Amino acid sequence: MDKKFLLAAKWILPAWDREPIKDGALLIRDGKIESLGPREELVAQHPGLPVEDLGEALIFPGLINAHTHASMTIFRGLADDLPLMTWLQEYIFPVESHLKGEWVYWGARLAIAEMIRAGVTCFCDMYLFEPWVIRAVEETGLRAALGEGLFDFPSPGYGPLEKGLALTEDLLQSYEKHPRINIIVCPHAVYTCSPETLKKVREIAERHEAIIHIHLSETEDEVQQCLERYGRRPVAHLRELGLLNKSLHIAHAVELTEEEIELLASTGVSVAHCPESNLKLGSGVARIPEMIAAGVKVSLGTDGPASNNDLDLLSEMRTAALIQKGLRRDPTVLPAKEVFRMATEAGARALGFPHCGRLEPGYQADLAALDLETTSLTPVHDPLSLLVYSARAGEVSDLMVEGRWLMREGRILTFDEKETRTQVTLIAEEIQALLRERPTP
Ligand SMILES: [Zn+2]
């Protein structure tokens, strides 16, 4: 059915490189943006069309979380301030070995609620039991690029690797035409996937023209291990295996040389920068200004909520900008505009949704609104500055994907948020019981 309406608000910020529109409106038709401009003009051009007025609000393109493990909300705050290997081997892995589909499902639903409250309309997810994340995405109405995490050792999700590869191909076929779900191929990392595995992954991705998503060059240790095992750094390793191309989306990229930055730029690889996770795990700070100057496509992610510990992409934008300024003692580095591009258009392109991340004719009506009747968001001198440097999760009042409201006036409409919290709290009790029973290291 032809669903056509005007959406109005005090401010509209159409894209990272566009001027904000005061007293603006969007004409939305069948989930897409048909036109935008000053409210008075649009109302005059389309008399009689219903107007939904958000009032004192700032409408912006929905944010894109370009790297996470959504269901790890169930591990939020389980163990902090530990060395990466202690954290993984003594806490995360022992519990993950008992992981089940229901846990992943409720964890993903909680993550989706949290992301909606932070203005996120689309996310990229790699985890175990991914079909349960897919189910959560289908039910809740968000947009996502999703893939089962693949590695050489047996997975609690699919068992032996061959089954994981088969599952990935099945999902690629089943969801080929889904408007909101893009299946991606997710080898975990170069230290958990052999060259043979990575070659198989490449063949699957080529057959289905799918995106490959992998953790790469996250820590110094990873680079050292790769050098010892293969005589090459991670980027060269992937080049050797034929993976460096525009279908590759890598998370982290903290440890890069000048030559590697050039190589990522010339081959069209995209990077998901995850500053808060890199800081919390003591991995370091990625050289984002150099990457952008070289032409690398850089997007922004939170990483899993167990190493962040939230999914607030609004605060992630602020962190991304502030750490570069502080490190370089230069406030002009990585301006708000560039960070907003990372969190919107750049993420959309990296995840294979070229018509998201901007509010322009022909683009999807994937958007969020910030409630401007908020003390810490007053006054509005510059909407872009407000979004990047002042806004926080919880100050987003409304959110829409493909023209459908998922949240209105602070209330999530497509699923029961309270029930989700209750279920995750019960799961956390089971996890605590498992930890009490685990052998002491
Ligand atoms: Zn990750």
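This text walks through a predicted model, starting at its zinc ion and ending with some backbone details.

The zinc ion is held by four donor residues: His67 and His69, each through NE2, His215, also through NE2, and Asp303 through OD. The coordinating distances run from 2.1 to 2.3 Å. Along the chain, these donors are spaced as H-x1-H-x145-H-x87-D. Two of the donors, His69 and His215, lie 146 residues apart and link distant parts of the chain. His69 sits in the loop between strand E6 (63-68) and helix H2 (84-96), while His215 belongs to strand E11 (residues 212-216). Both of these histidines are buried. The arrangement around the zinc ion is irregular because the angles subtended by the four donor atoms span 88 to 173°, whereas a tetrahedral site would need all angles between 85 and 135 degrees.

Asp303 is found in the loop that runs from strand E14 (297-300) to helix H12 (313-328). Its relative accessible area is 4%, so Asp303 counts as buried. Beyond its close sequence neighbours, up to four places away, Asp303 touches His67, Thr68, His69, His252, Cys274, Ser277 and Leu311.

Asp303 also appears in a record. An unreviewed UniProt entry assigns the feature "binding site" to Glu96, His188, Glu218 and Asp303. In the model, Glu96, His188, Glu218 and Asp303 from this set are part of the lining of the largest pocket. Of these, His188 is located in the loop between strand E10 (186-187) and helix H6 (195-208). With neighbours within four places in sequence left aside, the contacts of His188 are Met126, Leu150, Phe151, Cys193, Ile214 and the zinc donor His215.

The remaining points concern the backbone. Most peptide bonds are trans, and most residues other than glycine have a negative phi. Asn308 and Asn309 are joined by a cis peptide bond, with omega at about 5°. Asn309 is in the loop between E14 and H12, where Asp303 also has its place. A cis peptide bond likewise joins Thr378 and Pro379, with omega about 0°. Pro379 lies in the loop between strand E15 (367-371) and helix H14 (383-390).

Ser217 is a residue other than glycine with a positive phi, near 50°. Ser217 occupies the loop between E11 and helix H7 (220-230), and it is buried because its relative accessibility is 1%. Glu402 has a positive phi too, near 55°. Glu402 is in the loop between strands E16 (396-401) and E17 (404-408). With 27% relative accessibility, Glu402 is classed as partly exposed.

Key
Residues are numbered from 1 along each chain as its sequence is written. This is a predicted model: local features need pLDDT of at least 70, side-chain atom pairs count only at pLDDT 80 or more; totals for chains, interfaces and linings use all residues. Side-chain values use heavy atoms; hydrogens and water are left out. UniProt positions are given in the numbering used here, feature names are shortened, and annotations may be inferred rather than shown by experiment. On a 1 Å grid over the protein atoms alone, a cavity is a set of points where a 1.4 Å probe fits but cannot get out, and a pocket is an open set with protein on both sides within 12 Å along at least five of seven lines; lining residues have an atom within 4 Å of a point. Helices (H or I, at least four residues) and strands (E, at least two) are DSSP runs, numbered from the N terminus. Contact means heavy atoms within 4.5 Å. Buried means under 20% relative accessible area, exposed over 50%, partly exposed in between (1.4 Å probe, protein chains only). Donors are N, O and S atoms within 2.8 Å of the metal (3.2 Å for Na, K and Ca); water is not among the atoms, so sites may look incomplete. Four donors count as tetrahedral if all angles lie between 85 and 135 degrees; four count as square planar and six as octahedral if opposite donors are over 155 degrees apart and all others between 65 and 115; anything else is irregular.
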